[in-house]
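Let's practise reading aromatic rings in a protein. Grab a pencil and work through each exercise before you peek at its solution.

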Amino acid sequence: MNIDSIMTAERVAELTACYRDGLLKDVLPFWMRHCIDREEGGFTMALDRDGTLLDSDKGMWQQGRFTWLLGHLYNTVEKREEWLELAKHGLDFIGKHGFDADGRMFFHVTRDGRPIRKRRYAFTETFACIAYGEAAAATGDSALAERAIAIFRLYQEYLDSGRMPPKFTDTRPTQGMGRPMIDIVTAQNLRRSVALPEADAVIERSIEKIATFFVKPELECVMETVGPKGEIYDHFDGRMLCPGHAIEGAWFILEEARHRGNDPGLIRLGCQMLDYMWERGWDKEYGGILYYRDLHGKPVQEYWHDMKFWWPQNETIIATLMAYLLTGDEKYARWHKLAHDWAYRYFPDPEHGEWFGYLHRDGRISVPLKGNLWKGPFHLPRMQLECWRLAEELSRKMATTT
């Protein structure tokens, strides 16, 4: 590592404590105090700034995500029985109320589990299967492992067979980057937790799909939606870029590079995606990652395009730190400092804990709630856990090179 780097040993130690303590002493305790439903099961996530319940309905995304987090912490950080008990609590609610008769999952249910909404896409299933996977790893229960794999395969079958109801007509066929990037991280999780047999093949073809269709070196960007052959449609949806989403996909690929012994080709691809979308997404006037951008700099249709949501900042903090660890490039150390310092200046709630989720472009709070159908204990604690590990690894690497 460069001895003149801004990523000094002192900085790395501060980051390690920030991520570790933020997770274990702030974010996780906030949710464990306020979201556990002991009467009806599962977790109520629609919380006001102080943890007061705003809406008792439950989103199945968040049931699966928090159950996964609790099991993952138990499996990788410490064997705390409270974490395992709560993971089982979440899994019980998912098992009782999450599934329709066709095996697919509901998206939105009442507090007691009666279905309200079922969506066309099947991402709810990906969060459920990784939750089952962590529970299987924690308990050694082979039935849970089989359930995790079965849900993953059903999700794949529905999307690959065309059984999923279409959202659009065939007039302008599209493909989105969401599917391959979610496939990568889901298969990575199941490879670790339940030794998913097809994990490597799923990851390989998903990375190839992203590189072939969505990464556009000639335009220096990563597209969110393209045509069947990677065509770019000159319409609002076709031109729309989501920097945070692409940067999240970049670190999934960098993580796969790490799994493969720091594979140089995957490091190049992940860093290329990060480079393109940092330049597209970083707000040079106010700081932070913008939500949407137009490919050609034209006005964006979505009115929240210039807001600062919590999760793109989380994913950028992970990606820049991982890129620096893998490459030693000072550019990534600078970017990480910018992303980390901006997010930690504006998002944390010093009074009640956790982070606000939605800020205006200049960092002012848009809405003070801490949870809803989309925001819950996932992106932020995952960032804290990943960056805690990366910072510790960086510290060890620095110690061996000084």
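Here come three exercises on a predicted model.

**Exercise 1.** Work out which kind of aromatic pair Trp342 and Tyr346 form.

*Solution.* Start with the big picture: searching the whole structure turns up 25 aromatic pairs. For Trp342 and Tyr346, the centres are 4.7 Å apart and the planes make an angle of 45°. Centres within 6.5 Å make a pair, and planes that are neither under 30 degrees nor over 60 apart count as tilted. So this pair is tilted. Now look at where the two rings sit: both belong to helix α12 (residues 330–346), and because they are four residues apart there, about one helical turn separates them. Trp342 has 8% relative accessibility, so this residue counts as buried.

**Exercise 2.** Classify the pair Tyr344 and Trp355, then say which parts it ties together.

*Solution.* First, the geometry: the ring centres lie 5.1 Å apart with the planes at 90°, so the pair is edge-to-face. Next, the location: Tyr344 is in helix α12, while Trp355 is in the loop between α12 and β13 (358–359), so the pair links parts eleven residues apart in sequence. Last, the surroundings: Tyr344 counts as partly exposed at 21% relative accessibility, whereas Trp355, at 2%, counts as buried.

**Exercise 3.** Find which charged residue lies over the face of Trp310, and which residues share an aromatic cluster with Trp310.

*Solution.* The charged residue is Lys375, at 5.7 Å from the ring centre of Trp310. As for the cluster, Trp310 is joined there by Tyr291, Tyr292, Tyr303, Trp304, Phe309, Trp311 and Tyr358. Elsewhere, Arg104 lies over the face of Tyr158, at 5.8 Å from the ring centre.

Note on methods
Residues numbered from 1 in each chain as written. Predicted model: local features only at pLDDT ≥ 70, side-chain atom pairs only at ≥ 80, totals over all residues. Heavy atoms only, no water. Phe/Tyr/Trp six-rings, centres within 6.5 Å; stacked < 30°, edge-to-face > 60°. Helix = DSSP H or I, 4+ residues; strand = E, 2+ residues; numbered from the N terminus. Buried < 20%, exposed > 50% of the residue type's maximum accessible area, 1.4 Å probe, protein only. Lys NZ or Arg CZ within 6 Å of the ring centre and 35° of its normal.
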